[in-house]
Amino acid sequence: MKYVHYDENNVVTGYTQFVVGFAPPADTAYIEVDEAVEVEIGMLVDPATGALSANPEPYVPVGPIPETVSPLQARMALLEADLLDGADAFVATLSKPEQLAWQYASEVRRDNAIIAKAAAHLGLDDDRIDALFRRASTFA
C-alpha cells in the first residue's frame, strides 16, 4: 500500500510506502493506492475515485524562489518550457563579456542583470521567471 499525498489543486506532491505503524498526518490530503501503481510527483489525482493521471502542466513546486540554480538546471527548465532556443539566440546578441559570463557561470543568479534582459527579450514577466527558477531547482 502507498499513501499518495496531494495539494489543494489535486496535484501529487509526494507518496509514502506503507510501513507498519505509519499513518499520514491528519492535516495532509491523501489517497491509498496499491504498491504496484506507478506514482510520480506532479500527477493529478481524483480524490473521489483515487484515479491518477498525467498532468498536462509541468509540476512546479510552490515555495521559496531559489536565489541560484546551476547552469544545467537553468537550461533544463528553459528546454522544458520550450524557451532554450530563444534564450540561446538572445545570448548571441550580447556583448562578448556577457556571453562569456553566461556560458561559463558556475551558477545562475535570479538577480543577475542578464536574466532581466533575457526576460524582457523573451517577453517573460517576474512570475514566469520565478516559476522557471523553481522548476530549475527540481532538476538534479
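This report walks through the fold, the cavity and a few single residues of one chain.

**Overall layout**

The model is predicted. Its chain has 140 residues, and 31% of them count as buried. Five helices and seven strands make up the secondary structure. Along the sequence their order is β-β-β-β-β-β-α-α-α-β-α-α. Six strands thus open the pattern, three helices follow, then one strand, and two helices close the pattern.

**The cavity**

How many cavities of 30 Å³ or more does the structure hold? It holds one. The volume of the largest cavity is about 230 Å³. Its lining counts 19 residues. Those nearest the centre are Leu78, Trp102, Ile115, Leu132 and Phe133. Four elements give two or more residues each to this lining: H1, helix H2 (84-92), helix H4 (113-122) and helix H5 (126-136). Which of the elements gives the largest share? That is H4, with five residues. By class, the lining is nonpolar throughout: 19 nonpolar residues, no polar ones and no charged ones.

**A nonpolar patch on the surface**

Nonpolar side chains also appear on the outside. Leu72, Met76 and Leu79 form a nonpolar surface patch. Together they have about 280 Å² of accessible area. Met76 sits in helix H1, which spans residues 71-80. H1 is also one of the elements that contribute to the cavity lining. Met76 has a relative accessible area of 32%, so it counts as partly exposed.

**Two more residues**

Asn10 is found in the loop that runs between strand S1 (2-6) and strand S2 (12-17). Its phi is positive, about 65°, although Asn10 is not a glycine. Most residues other than glycine have a negative phi. Asn10 is partly exposed, because its relative accessibility is 27%.

Phe90 belongs to helix H2. Is Phe90 buried or exposed? Phe90 is buried, because its relative accessible area of 6% is under the 20% cut-off. Phe90 and Lys117 are 27 residues apart in sequence. In space, their C-alpha atoms are 8.9 Å apart.

**Accessibility side by side**

The table sets out the three residues discussed above.

| Residue | Relative accessible area | Class |
|---|---|---|
| Asn10 | 27% | partly exposed |
| Met76 | 32% | partly exposed |
| Phe90 | 6% | buried |

Terms used. Residues are numbered from 1 along each chain as its sequence is written. This is a predicted model: local features need pLDDT of at least 70, side-chain atom pairs count only at pLDDT 80 or more; totals for chains, interfaces and linings use all residues. Side-chain values use heavy atoms; hydrogens and water are left out. Patches are made of residues with over 30% relative accessible area and no salt bridge: like charges are joined within 9 Å, nonpolar side chains (Val, Leu, Ile, Met, Phe, Trp, Tyr) within 5 Å. Accessible areas come from the Shrake-Rupley method with a 1.4 Å probe; for residues, only the protein chains shown count as cover. A salt bridge is a side-chain nitrogen of Lys or Arg within 4 Å of a carboxyl oxygen of Asp or Glu. Buried means under 20% relative accessible area, exposed over 50%, partly exposed in between (1.4 Å probe, protein chains only). On a 1 Å grid over the protein atoms alone, a cavity is a set of points where a 1.4 Å probe fits but cannot get out, and a pocket is an open set with protein on both sides within 12 Å along at least five of seven lines; lining residues have an atom within 4 Å of a point. Grid points are joined across faces, edges and corners, and a volume is the space filled by probe spheres set on the points. Ala, Val, Leu, Ile, Met, Phe, Trp, Tyr, Cys and Pro count as nonpolar, Asp, Glu, Lys and Arg as charged, and the others, Gly among them, as polar.
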